[in-house]
Number of protein chains: 2
Amino acid sequence: MNERHRRLILLTQYLVAHPLTQVSLTELSQVFGVAKSTLSEDLLDVKDTFDIQGLGRIDSQVGVQGGIRYVPMIERGNVRKSLNEWSQALAEPSRMMTDGFLYMTDLLFNPGWIDPMGQLLAHRFRDVAVQFVATVETKGIPLALACARFLGVEMVLLRRDNRLSEGSSLSINYLSGSSRRIQSMTLSRRSPVRGSRVLFVDDFMKAGGTAKAAQDLLSDFDAQVVGVGVLVATVKPQQKLVDEYSSCLEWTEFEGQAVKPSDWAWQLGLDAPTAKGDE
Amino acid sequence: MNERHRRLILLTQYLVAHPLTQVSLTELSQVFGVAKSTLSEDLLDVKDTFDIQGLGRIDSQVGVQGGIRYVPMIERGNVRKSLNEWSQALAEPSRMMTDGFLYMTDLLFNPGWIDPMGQLLAHRFRDVAVQFVATVETKGIPLALACARFLGVEMVLLRRDNRLSEGSSLSINYLSGSSRRIQSMTLSRRSPVRGSRVLFVDDFMKAGGTAKAAQDLLSDFDAQVVGVGVLVATVKPQQKLVDEYSSCLEWTEFEGQAVKPSDWAWQLGLDAPTAKGDE
């Protein structure tokens, strides 16, 4: 096989398989067994192709700590497809549970379903310098993990109760708007979240009591909630307990079981990729 | 830019970004705007390069439902690096909590740390036709999700208690070997796990009581546990409540806080990739 072809395939594979990970040209030239100058030429081809097709950008950093890093672009066709699938699935009458809940557990823990929604929220909050994604156990965990992965940060879990294995911790009690009962939320004092910028993510929001409590608990760690992202929010009450939030889907309970994509999410799926700077 | 170069980059990007997903050559030829015969030639180059470098295989299926699918190979260098990092991190004295626990929460919810371990377990159980990965809330969830993603299946969550939003369910009570208290585990009757082959995954195993209880609960759904995989298992008691299990790491509590990779896991990181059929 043509050596150049082999190198382009290897370089592309490496970058796509290691998104958001900085690697130096020196390291790569050793891995592939080629000169750095050759590699730089190959890299230009990959960079141009990714630019033109809207597949993401390749950041270069010069200097001793320098290297390259692939930042994938959200796949708009995938976003539309996934939003449609979620809307249809959540409209099934059998998902309507007592007391105003939607049964979603089977979909929440399916990587093929939840990962695109995590990517969507990661894209929504890509410009607010998120350092941690936080969620409260349990059903928001897969969404929060997917979102953290696409942002290249780690996740912080707020527990429902205190565990021996967590050491000493801070707790908060609050009234959950949707279940109308007193809930508690706790975070280990050794959590690395202290003083950082946090994106709070959850699977479902009705009144926003959980998001508000998370904000309060995190503020005891001097951490600032810079965004709130959820999979499904109910249209009513319109006034939530947190000022701002973004939901992928909206549920209009009083109109049968209508679930539809939020305007911003749907718009994102429609926007044409721009050659540069969009991601 | 050379058209062939552009196509090879696009094809490689597509396959690596959509692992374990079947796509037809017709679809791909439309996406890239090239003839199917041209695409087939390009595919051979990608296939050969991946084969030679041990990056995974490309399955082809002929016929009307035919298409191609990229099955990534585990990255052995990554496995070794990750096992070493885990061993070092878990040996920090400050992680030793009261009552024989290790504080691992910060690492369990960090995609960069947990994903390679999920891939390791997925590789371990790649030949037993797993249909679902199950775990019990909460700390095993990221590992189970990562494992499910690499196996291309979905995850089933065993809850600690009964929720309104889950509808009717089956429960089991059991004595946890490590916390020495009665725990319960519950699964919604509408879980899709019925009659299927399940891999049970958890973050920590001491006596194996949780894994045993999961096996019992799943058997009420006519589901068969075909494997048990955990991140860390204690060396003692040597006799666990489940017959067989695979742990990525072993913890010898009585010898200070020695945590080391399991033999099978370390060996996997050392094995040289074979040109074909290893994955």
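**View 1. Two salt bridges cross the interface of chain A and chain B.** The model shown here is predicted. One bridge pairs A:Arg149 with B:Asp115. Their closest N and O atoms lie 2.8 Å apart. Polar contacts also cross this interface: 14 residue pairs make them, both residues at pLDDT 80 or more. Which elements of chain A each supply at least two residues to the side that touches chain B? They are helix 1, helix 3, helix 5 (105–108), helix 6, helix 7 (141–151) and strand 4 (154–158). Helix 1 of chain A gives the largest share, 10 residues. By class, this side of chain A has 23 nonpolar, 14 polar and 16 charged residues.

**View 2. Chain A meets chain B over a buried area of about 5000 Å².** The size of an interface is often given as the accessible area lost when the parts come together. Carbon and sulfur atoms give 61% of the area buried here. On the chain A side, 53 residues are in contact with chain B. On the chain B side, 53 residues take part as well.

**View 3. A:Asp115 makes a polar contact with B:Arg149.** The two side chains come to 2.8 Å. A:Asp115 sits in helix 6 of chain A, which spans residues 111–124. Is A:Asp115 buried or exposed? A:Asp115 counts as buried because its relative accessibility is 13%, and the cut-off for buried is under 20%. Which residues surround A:Asp115, leaving aside its neighbours within four places in sequence? A:Asp115 is in contact with A:Ala146, A:Arg149 and A:Phe150 from its own chain, and with B:Arg149 from the other.

**View 4. Helix 2 of chain A has buried residues on one side.** This helix runs through residues 25–32. Its buried residues are A:Leu25, A:Leu28, A:Ser29 and A:Phe32. Why do they count as being on the same side? They cover an arc of only 100° around the axis, so they share one side of helix 2. An α-helix has 3.6 residues a turn, so residues three or four places apart point the same way. On the other side of helix 2, A:Gln30 and A:Val31 are exposed.

**View 5. Several elements of chain A cover the buried residues of helix 2.** Among them are helix 1 (3–17) and helix 3 (36–53). Strand 2 (67–72) is also included in this cover. What follows helix 2 of chain A? The next residue is A:Gly33. A:Gly33 has a positive phi, near 65°.

Methods
Residues are numbered from 1 along each chain as its sequence is written. Chains are lettered from A and ligands numbered from 1 in the order in which they are written. This is a predicted model: local features need pLDDT of at least 70, side-chain atom pairs count only at pLDDT 80 or more; totals for chains, interfaces and linings use all residues. Side-chain values use heavy atoms; hydrogens and water are left out. Helices (H or I, at least four residues) and strands (E, at least two) are DSSP runs, numbered from the N terminus. Buried means under 20% relative accessible area, exposed over 50%, partly exposed in between (1.4 Å probe, protein chains only). A polar contact is a pair of N or O atoms within 3.5 Å; within protein, one must be able to donate a hydrogen and the other to accept it, and residues adjacent in sequence count only if both atoms are side-chain atoms. Contact means heavy atoms within 4.5 Å. The arc is that of the directions from the helix axis to the C-beta atoms. Buried area is the accessible area (1.4 Å probe) that two parts lose on being put together, summed over both. A salt bridge is a side-chain nitrogen of Lys or Arg within 4 Å of a carboxyl oxygen of Asp or Glu. Ala, Val, Leu, Ile, Met, Phe, Trp, Tyr, Cys and Pro count as nonpolar, Asp, Glu, Lys and Arg as charged, and the others, Gly among them, as polar.
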